[in-house]
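Colleague: Before I rely on the labels attached to this model, I would like to go through them one by one and hear the reasoning behind each.

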Amino acid sequence: MSDTIIDDVDYGPLAGLVGVWKGDSGMDVAPEPDDDEHNPYYETITFEAAGDVTNAEEQVLAIVRYHQVVYRKSNDKAFHDQVGYWLWDKATDTVIQTLTIPRAVTLLAGGTAAREAGRIVFTVKAVAGDPDWGIVQAPFMQSKARTTEFRHTLILDGDTLSYDETTVLDIYDKHEYQHTDQNTLTRQ
Ligand code: HEM
């Protein structure tokens, strides 16, 4: 248990995320008006222990802040930037990912952390309209490029971190388009 504690805060399953991670085997599948776009990428994700917070003098959430910057292999330009928090509620063993991208989309995804032999599998999900784990987006995005669902599985295995995420979009003439991203990263 003690290896989940940093500066007196128990981060539970989030503790092993803290650090700087890099991966160069990413693959993005994103919408284009007439087709899919496949974008090989590399990225850096930085996770920082950020203490804890108490809500209504009752709920305690451990906080890990993160920043993800993704670069297109074809031109070395950053093409996705994401900030947010991973939170852990020890009392209920609930895991939460908050996520903001600079397209005027933000969301709150809730789920679990399954401890398996030597690894932790985080699974979170948000659905537009869900009163608990929802998605907020600006009017333009609501009408032209609406995010209806977000599913994310993140697997922490020592110094290896891999993820598989699906963002479901209504865009152009595509309904429930599966915008997907996968990568495997190594602790630096
Ligand atoms: C590694 C992660 C991600 C990468 C590399 C990525 C990349 C892309 C790319 C290349 C496009 C096509 C439009 C363009 O070329 O600018 C796109 C569209 C979009 N992405 Fe992502 N994305 C990622 C994650 C996400 C996440 C987590 C969300 C929201 C939860 C999201 C929401 C959107 C939306 C709403 C669009 C439609 C906008 C448009 O195509 O005009 N993306 N993304």
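## From labels to values

Modeller: Leaving aside neighbours within four places in sequence, V69 touches Y42, E43, T44, A78, H80 and D81, and I should say at once that this is a predicted model.

Colleague: What makes those residues contacts of V69?

Modeller: Contact requires heavy atoms within 4.5 Å, and Y42, E43, T44, A78, H80 and D81 are in contact with V69 in that sense. A separate value concerns I45, 24 residues away along the chain, whose C-alpha atom is separated from that of V69 by 6.5 Å.

Colleague: Why is V69 called buried?

Modeller: The relative accessible area of V69 is 15%, and buried means under 20%, so V69 is called buried. As for its place in the fold, V69 belongs to strand 5, which covers residues 59–72.

Colleague: How do you know that strand 11 and strand 12 pair?

Modeller: Two strands pair if at least two bridges are found between them, and strand 11 (residues 145–157) and strand 12 (residues 160–171) have 12 bridges in the antiparallel sense, so they count as paired. One of the residues involved is R151, whose bridge partner in strand 12 is T166. The hairpin of these strands has two residues between them, and G158 takes a positive phi near 65° there.

Colleague: What joins strand 12 to strand 13?

Modeller: There are 11 bridges between strand 12 and strand 13 (residues 174–187), which run antiparallel, and with at least two needed, these strands are therefore a pair as well. V168 has Q178 as its bridge partner in strand 13, while in the turn of this hairpin, which also places two residues between its strands, Y172 has a positive phi of about 55°.

Colleague: Which side chains make polar contacts with the ligand, and at what distances?

Modeller: The cut-off for a pair of N or O atoms is within 3.5 Å. A side-chain N or O atom of H80 is 3.4 Å from a ligand nitrogen, one of H179 is 2.9 Å from a ligand nitrogen, and one of R103 is 3.1 Å from a ligand oxygen, so each of these pairs qualifies as a polar contact.

Colleague: Where does the ligand sit, and how many residues surround the ligand?

Modeller: The ligand sits in the largest pocket, surrounded by 25 residues, of which A30, H80, R103, H179 and D181 are the closest. Strand 12 gives the most to this shell, with five residues, and strand 5 is among the strands that each supply at least two.

Conventions: Residues are numbered from 1 along each chain as its sequence is written. This is a predicted model: local features need pLDDT of at least 70, side-chain atom pairs count only at pLDDT 80 or more; totals for chains, interfaces and linings use all residues. Side-chain values use heavy atoms; hydrogens and water are left out. Helices (H or I, at least four residues) and strands (E, at least two) are DSSP runs, numbered from the N terminus. Buried means under 20% relative accessible area, exposed over 50%, partly exposed in between (1.4 Å probe, protein chains only). A residue is near a molecule or strand if one of its heavy atoms lies within 4 Å of it. A polar contact is a pair of N or O atoms within 3.5 Å; within protein, one must be able to donate a hydrogen and the other to accept it, and residues adjacent in sequence count only if both atoms are side-chain atoms. On a 1 Å grid over the protein atoms alone, a cavity is a set of points where a 1.4 Å probe fits but cannot get out, and a pocket is an open set with protein on both sides within 12 Å along at least five of seven lines; lining residues have an atom within 4 Å of a point. A molecule sits in a cavity or pocket if more than half of its atoms lie within 2 Å of its grid points.
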